[in-house]
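The following exercises concern a ligand and the protein that surrounds it. Each task is followed by a solution in steps.

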Amino acid sequence: MKMALRACLRTKPGLTGLLSQLSCSGHAAARRAPALVAQRSSSSTSQKIKVDFDQSSGVAVMHMQSPPVNSLSLEFLTDVCIALEKLEMDKSCRGLVVTSSQPKVFSAGLDILDMYGKSPEHCAEFWKAVQEMWLKFYGSNMITIAAVNGSSPAGGCLLSMTCDYRIMADNPRYSIGLNETKLGIVAPFWFKDTMVNTVGHRATEMALQLGLLYSPAEALKIGLVDQLVHEDQVLTTATETMTKWLAIPDHARQLTKSMMRKPTIDKLAANREADVNNFVKFITKDSIQKSLGMYLEMLKRRKA
Ligand code: CO8
């Protein structure tokens with residue numbers, strides 16, 4: 001299954017192939033206008049992902065439903081990539097909203113249990129899936145909107161930053177940010193690059209060193225999220241926002257997105273293997289394993 005996914009992903013054009021496609025044919029990459037699409041909707045579900053696709057609007061909503069906290073495990077990441085891949089291949093799908101079905105949490109980030117006490121082979125497999133998720137989302141041709149309806153630390157923040165627009169629930173109990181240093185680990189260069197592209201160099205430097213988790217109001221202030229709305233309005237606001245983005249011709253928007261993101265994507269794409277090796281070497285160190293173990297203990301103690 002995973003091998004099939006990887007083979008499939010290699011053949012996919014994505015944003016980076018867009019420039020060359022368009023130079024061959026001015027219309028090749030343009031998606032169909034929503035008015036031309038039959039009024040149908042469909043729903044597909046894996047255990048951890050539910051996708052509702054409304055063909056009349058050309059917009060899909062991906063609900064993450066991996067209890068308790070949508071932590072991004074190897075299995076979950078694989079499901080997410082498969083779902084995203086299917087939507088990307090469907091030319092009638094122009095926009096994607098990503099949200100959570102879990103109460104209070106958008107995503108708790110990478111599943112720590114996939115990095116703790118695991119073999120180097122497992123860690124390598126896991127990291128490839130994290131890379132894949134980032135490459136697919138950051139390089140998506142679709143308009144992507146994160147409907148952040150709960151806390152979104154670390155990998156959860158990364159996932160939301162891959163989207164074109166972020167709407168967060170205005171609840172001070174929630175937080176968002178790259179808090180890796182608090183776990184005794186280091187956000188890799190492409191996490192850092194994504195954040196720099198979102199909030200700028202200075203804010204990223206502070207955020208990463210201190211492992212800052214921002215309240216929604218603070219996140220809005222530094223531009224980590226684009227809009228705050230009442231908890232009940234997150235999804236409807238995402239749908240309304242999507243309408244504005246859909247009004248822009250796809251090919252022009254896609255080329256612009258590609259122009260902005262391609263250098264960042266290319267940097268990881270050219271260094272994937274080295275990045276996997278770095279990760280495995282780092283995460284399997286005794287000192288790092290100890291930090292992760294202590295962090296997991298802290299999470300359990302906090303609960304009790
Ligand atoms: N991975 C695995 N399990 C997790 C995670 C996680 N990321 N987060 C929470 N859990 C578990 C908890 O341990 C708990 O387990 P149990 O029920 O067995 O005790 C269960 O999920 C529920 O958690 P909480 O009771 O804490 O749920 P709350 O609703 O109270 O809080 C939060 C939700 C705010 C999301 C909270 O769980 C939290 O802060 N979690 C930790 C988030 C975090 O720090 N994630 C960082 C992950 S690392 C990452 O994403 C990037 C790594 C980059 C690696 C680079 C290396 C080179």
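**Exercise 1.** Determine which polar atoms of the protein lie close to the ligand in this predicted model, and state how much of the ligand the protein buries.

*Solution.* Step 1. Begin with the side chain of Lys-300: one of its N or O atoms is 3.1 Å from an oxygen atom of the ligand. Step 2. Turn to the backbone. A polar backbone atom of Leu-110 lies 2.8 Å from an oxygen atom of the ligand, and a polar backbone atom of Ile-112 lies 2.9 Å from a ligand nitrogen atom. Step 3. Compare these distances with the cut-off: a polar contact is a pair of N or O atoms within 3.5 Å, so pairs at such distances qualify. Step 4. Consider the surface. The ligand taken alone exposes 1100 Å², of which the protein buries 82%.

**Exercise 2.** Describe the shell of residues around the ligand by proximity, by class and by helix.

*Solution.* Step 1. The shell holds 28 residues, and those that come nearest are Leu-110, Ile-112, Gly-155, Tyr-295 and Lys-303. Step 2. Sorted by class, the shell has 19 nonpolar, 4 polar and 5 charged residues. Step 3. Helices H11 (272-283) and H12 (286-303) each contribute at least two residues to the shell. The largest share, 5 residues, belongs to H12.

**Exercise 3.** In which pocket does the ligand sit, and what forms the lining of the largest pocket?

*Solution.* Step 1. The ligand sits in the largest pocket. Step 2. This pocket contains about 1500 Å³ of space. Its lining comprises 47 residues, and Val-69, Ala-108, Ile-112, Tyr-295 and Leu-299 are the closest to its centre. Step 3. The lining divides into 29 nonpolar, 9 polar and 9 charged residues. Step 4. Helix H6 (189-199) supplies at least two lining residues, as do H11 and H12. With 6 residues, H12 gives the most to the lining.

**Exercise 4.** Examine the backbone of the loop between strand S3 (59-64) and helix H3 (74-89) at Pro-68 and at Asn-70.

*Solution.* Step 1. Locate both residues: Pro-68 is found in this loop, and Asn-70 lies there as well. Step 2. Inspect the peptide bond that joins Pro-67 and Pro-68: this bond is cis, with omega about 0°. Step 3. Inspect phi of Asn-70, which is near 50°. This is a positive value in a residue other than glycine.

Methods: Residues are numbered from 1 along each chain as its sequence is written. This is a predicted model: local features need pLDDT of at least 70, side-chain atom pairs count only at pLDDT 80 or more; totals for chains, interfaces and linings use all residues. Side-chain values use heavy atoms; hydrogens and water are left out. A residue is near a molecule or strand if one of its heavy atoms lies within 4 Å of it. A polar contact is a pair of N or O atoms within 3.5 Å; within protein, one must be able to donate a hydrogen and the other to accept it, and residues adjacent in sequence count only if both atoms are side-chain atoms. Accessible areas come from the Shrake-Rupley method with a 1.4 Å probe; for residues, only the protein chains shown count as cover. On a 1 Å grid over the protein atoms alone, a cavity is a set of points where a 1.4 Å probe fits but cannot get out, and a pocket is an open set with protein on both sides within 12 Å along at least five of seven lines; lining residues have an atom within 4 Å of a point. A molecule sits in a cavity or pocket if more than half of its atoms lie within 2 Å of its grid points. Helices (H or I, at least four residues) and strands (E, at least two) are DSSP runs, numbered from the N terminus. Ala, Val, Leu, Ile, Met, Phe, Trp, Tyr, Cys and Pro count as nonpolar, Asp, Glu, Lys and Arg as charged, and the others, Gly among them, as polar. Grid points are joined across faces, edges and corners, and a volume is the space filled by probe spheres set on the points.
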